[in-house]
Structures are given as C-alpha cells and as structure tokens.
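I opened a new notebook page for this chain. My plan was to start with the overall layout, then move to a few strands, and end on a single residue.

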Amino acid sequence: MKRIIIGFGIILFIAILVLQCDIPMTKYSVVGVYSNTNYGNKPCCVESPHKPDTLNLKSDGTFSSEFYGEGTYNVNYGILNSEIDLHYEYEMGKAGYYSYFSNKVFEKPKIILNYDLNHYYEKVE
C-alpha cells in the first residue's frame with residue numbers, strides 16, 4: 001500500500017511538472033496572428049498596448065500591428081523558452097520590445113507583455 005501511494009505521488013508530481021512547462025516553439029508555430037484582449041489593467045509601461053490590438057507575425061521576419069506599426073522581429077528558440085525581440089520605428093526614432101513566449105500544454109501560445117498583470121498577446125490564427 002505504501003508503494004502505491006508513493007508511486008501515485010511521483011506520477012502526480014511528474015504530471016504537474018509537465019503541465020507547467022513550456023513546449024518549445026518552432027518557426028512555424030511562432031508565425032500567426034496574436035490578439036491583445038486583456039488590456040484593462042492599470043497601464044504599467046508605455047511600451048505595451050493598453051487597448052485592443054492585433055499583432056501579425058509573418059514568416060519573412062516582419063510584423064504589423066496597430067500599436068507598434070510595422071517592423072521586424074527576431075526569435076531566440078531556446079530549449080525551455082523562446083524569446084522575441086520586436087524592432088520598429090516611432091515618432092522619436094527606433095525602438096524595440098523584448099519579451100518571451102508562453103506555450104503550455106492545452107493552452108494557445110502567448111507573447112507575455114507583463115507576467116504580473118497577466119497582460120499578453122494570445123495566438124488566434
């Protein structure tokens with residue numbers, strides 16, 4: 001009986017660990033349309049949108065967005081997480097935004113804008 005309880009505990013621990021880990025992103029899983037729908041929190045930084053916005057990441061390394069405009073992006077495909085770096089121009093010159101992807105099991109991929117405020121772009125296409 002003790003072995004069964006220990007075995008069940010180990011299996012439960014491994015299952016929780018797997019469900020909390022991010023699945024590695026690939027070039028084809030990054031490309032797509034992302035929507036910012038949870039923008040209602042108090043603005044924390046001016047670099048992230050606090051209104052409805054759609055970010056379109058294209059396969060040629062460019063993106064378009066109503067908030068950021070048009071620009072280029074680079075993705076660093078890591079083993080545990082993938083990071084994204086947006087480069088765009090605005091009225092004061094060149095700018096950039098550095099963030100990362102969250103790609104959990106049974107969830108759509110997200111670009112995290114502010115983890116503490118649960119502010120992100122979620123993939124819709």
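**Entry 1: the layout**

I counted the elements and found two helices and eight strands in the chain. I kept in mind that the model is predicted. Next I read the order along the sequence. The pattern is α-α-β-β-β-β-β-β-β-β.

**Entry 2: overall dimensions**

I looked up the extent of the chain. Its C-alpha atoms fill a box of roughly 70 × 35 × 20 Å along the principal axes. Then I checked the radius of gyration. The chain has 18 Å, whereas a compact globule of 125 residues would have a value near 14 Å.

I turned to burial. Of the 125 residues, 32% count as buried. The accessible surface of the chain comes to about 8400 Å². Carbon and sulfur atoms account for 61% of that surface.

I also looked at contacts in the chain between residues at least 6 apart in sequence. Of these, 41% join residues at least 24 apart.

**Entry 3: charges**

I noted 11 positive and 14 negative side chains. The centres of the two sets lie 11 Å apart.

**Entry 4: strands 4, 5 and 6**

I followed strand 4, residues 69-77, to strand 5, residues 82-90. The two run antiparallel and are joined by seven bridges. They form a hairpin, with four residues between them. I picked out one pair here: N74 has D85 in strand 5 as its bridge partner.

I went on to strand 6, residues 93-102. Strand 5 and strand 6 also run antiparallel, and eight bridges join them. A hairpin connects strand 5 to strand 6 through two residues. Which residue in strand 6 is the bridge partner of Y90? I found that it is G93.

A general point went in the margin. In a regular strand, side chains alternate between the two faces of the sheet.

**Entry 5: one residue, S99**

I chose S99, which has its place in strand 6. Is S99 buried or exposed? I looked up a relative accessible area of 6% for S99. Buried means under 20%, so S99 counts as buried.

What is S99 in contact with, leaving aside its neighbours within four places in sequence? I listed E83, I84, I111, I112 and L113. Of the strands I had followed, strand 5 covers residues 82-90, so I placed E83 and I84 of that list there.

Conventions:
Residues are numbered from 1 along each chain as its sequence is written. This is a predicted model: local features need pLDDT of at least 70, side-chain atom pairs count only at pLDDT 80 or more; totals for chains, interfaces and linings use all residues. Side-chain values use heavy atoms; hydrogens and water are left out. Two strands pair if DSSP finds at least two bridges between them. The radius of gyration is taken over C-alpha atoms; the globule rule is 2.2 Å times the number of residues to the power 0.38. Buried means under 20% relative accessible area, exposed over 50%, partly exposed in between (1.4 Å probe, protein chains only). Contact means heavy atoms within 4.5 Å. Accessible areas come from the Shrake-Rupley method with a 1.4 Å probe; for residues, only the protein chains shown count as cover. Lys and Arg count as positive and Asp and Glu as negative; His and the chain ends are not counted. The place of a charge is taken as NZ of Lys, CZ of Arg, CG of Asp or CD of Glu.
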